[in-house]
Amino acid sequence: MLVRELRRLVLLVIPFLLLFYGFLLCLDGNPITPYDQIRSRIERTLSTSKGVSKQDDQQVLAGQFDSQLSYSSSSDSGLSELPPSYDGGNNDNTVGKLFASEPMETHTELFSVSTADGKYFKLKLGDKLSINPNIIPHPVFENTWTIVAQHHDPGDTTSTLFVELACDAVFDTNKSELSCVFPPIVLPIASTGLGKCEGDLEYVSLNVGPHDARVFYGPLAPFTVYGSNSQETCFGQWMQDFHVLINWGSGNGEPEQENLFRAGTELRRPKPYSPMEKNWFIFWDHGGQMYAHYDIAPRRVFSKLESDGSAGADLAPLAIDAGDGQCMGKYMPRLGSEYESIHQATNSLSITMCWQSDPGCFPSHENTFVFTIFQHKTFREFHSVYEPYIMVFRQTSPFQVYGISRKPLWIHGRDTRSRMFYVTSVSWKAHGQRYHGYLDDVLFLGFGIEDRDSAGIDVLASDLLADLGLC
């Protein structure tokens, strides 16, 4: 009798246990699969620097930069002087609502120079969905650009394989879409092993393939930097010559190549490492020496980069001595809660701050700088919102910051503050143009929309840099 009752009890309990387990897996409305876990963890941005104490973390989250860097705590922060309607994403009541005022009051609005309505254009990679796009000029064909973006298939919830798609693309007649001429190919980027993933991050070792590739021109050659499993930590950054990965054909119009990073090479950084390293960018000085920039907040970290991927000492303290602390303390966006962070976003370009059409415009050490885009991220209710800013710094040692956007950028066509636009790449639009440009040159910004679509906008460089707070 007792055995029979136990059997009945088991038959009743097991279905409830299965339902409860399914409920836990679907708290956000979707099953939590290995693919989702890996991608979610890799996309989670670290908001604090490597090796800082808990006290430092709290200071950063409160919007204060580390005092030992002499970062100013002045209330004259650029953003703090914006109209009351701008809350930096700190007010939950604004989520999902339209702006109470025009974007130009709280943001620097960017308009396309080619679309009829000034809005952004869509990127179409055949029938494939993609995120984190890059757009660079094709080295041979006029009016053709190469698109690279991460394949995103919401319907495939079991795969742990990640790939980057690429194609040559042209605009349609009304400039509203930049679409592949032929079906996109998968870039042959090699997997990088298991990585040193432990504890809660152990499942990241299941990752196969590249994440969030940035494709860009240096002074001579195109490269890609992408995330993958690391030999130094759990997840790191790798770099490869883009020519090796795509068939642009011989006689592709490129200059004699540097023969760097022919194979995927892991980039190193000054220690300490974070378990998950993301969003590094490369920059070049006036002499063509290469550097890697690892962090922008809570403090800058950058170093000389060698051709084997090894890194020199952290050079940021020299920039601090030259005034970085006061400038960044004044203009960097303030963080209002533990759900906000600041992180690097795009590759870098160099720019001479005059119009090339001006006969008196000549590049020099005094008027030529490096710029990149970073983002202020707010995460609430399982949804992220990004606000992009420009940072400009000198192209000569000690590479101190020259200026930072007073207000975040607003891409014309974005309808609400809660719509997730995240900028991932910046490039010169003109064919034959690589790393350097002028204020009257046109740029491409590549960005994703709500982890579902890829898009871009072409803007004048002078518009992008229109509202810099100068150091």
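Which residue in β9 does Arg214 stand opposite? The points below take up that pairing and its surroundings, in a model that is predicted.

1. **The β8–β9 hairpin.** Arg214 stands opposite Val225 in β9, and this pair belongs to an arrangement in which β8 and β9 run antiparallel and are joined by 5 bridges. The two strands, β8 (211-217) and β9 (222-229), form a hairpin with 4 residues between them.

2. **The β9–β10 hairpin.** On following the chain from β9 into β10 (235-241), one meets another hairpin, here with 5 residues between the strands. The pairing of β9 with β10 is antiparallel and extends over 7 bridges, and within it Phe223 has Asp241 of β10 as its bridge partner. β9 therefore takes part in pairing with β8 as well as with β10, and because 8 of its 8 residues are buried, β9 is largely enclosed by the rest of the structure.

3. **The second largest cavity.** The strands of the two preceding points also border an internal space: β8, β9 and β10 each contribute at least two residues to the lining of the second largest cavity, with β8 giving the largest share, 3 residues. A search of the whole structure returns 5 cavities of 30 Å³ or more, and the second largest of them holds about 70 Å³ of space. Its lining comprises 11 residues, and those that lie nearest the centre are His211, Asp212, Gly227, Gln237 and Asn279. Sorted by class, the lining consists of 4 nonpolar, 4 polar and 3 charged residues.

4. **The sheet β12-β13-β14.** Further along the chain, 3 strands make up an open sheet, in the order β12-β13-β14 and with antiparallel pairing. β12 (281-284) and β14 (301-304) are the edge strands, each of them pairing on one side only, and neighbouring strands of this sheet are turned against each other by 30 degrees on average, with direction ignored. Between β13 (residues 290-295) and β14 the antiparallel pairing covers 4 bridges, and Ser303 in β14 serves as the bridge partner of Ala292.

5. **β18 and its partners.** Which strands does β18 pair with? Strand β17 (residues 383-394) is joined to β18 by 3 bridges and runs antiparallel to it, while β24 is likewise antiparallel to β18 and joined to it by 3 bridges. In the pairing with β17, Phe393 stands opposite Val401 of β18; in the pairing with β24, the bridge partner of Ile404 is Gly469. β17 and β18 form a hairpin with 6 residues between them, and a reader checking backbone geometry may wish to note that Phe399, in the turn, has a positive phi of about 60 degrees. Because 4 of the 5 residues of β18 are buried, this strand is largely enclosed by the rest of the structure.

6. **Helix α6 and what covers it.** Is helix α6 (residues 324-331) mostly covered or mostly open? The helix is mostly covered, given that 6 of its 8 residues are buried; these are Asp324, Gly325, Cys327, Met328, Gly329 and Tyr331. The cover over these buried residues includes α5 (316-321), β18 (401-405) and β24 (468-470), which links this helix to the strands of the previous point, where β18 and β24 are joined by 3 bridges.

7. **Thr144, a buried loop residue.** Thr144 is found in the loop between β3 (130-137) and β4 (145-151). Its relative accessible area is 9%, which is under the 20% limit, so Thr144 counts as buried. Leaving aside residues up to four places away in sequence, Thr144 touches Pro137, His138, Asp168, Ala169, Val170 and His431.

8. **Glu105, a partly exposed helix residue.** Glu105 belongs to helix α4 (residues 103-106). Its relative accessibility is 40%, and because this value falls between the 20% and 50% limits, Glu105 counts as partly exposed. Although Glu105 and Lys407 are 302 residues apart along the chain, their C-alpha atoms are separated by 9.1 Å.

Key:
Residues numbered from 1 in each chain as written. Predicted model: local features only at pLDDT ≥ 70, side-chain atom pairs only at ≥ 80, totals over all residues. Heavy atoms only, no water. Buried < 20%, exposed > 50% of the residue type's maximum accessible area, 1.4 Å probe, protein only. Contact = heavy atoms within 4.5 Å. 1 Å grid on protein atoms, 1.4 Å probe; cavity = no way out; pocket = protein on both sides within 12 Å on 5 of 7 lines; lining within 4 Å. Points joined across faces, edges and corners; volume = space filled by probe spheres on them. Nonpolar A, V, L, I, M, F, W, Y, C, P; charged D, E, K, R; others polar. Pairing = 2+ DSSP bridges. Axes fitted to C-alpha atoms, helices over the stretch in contact; angles between N-to-C directions.
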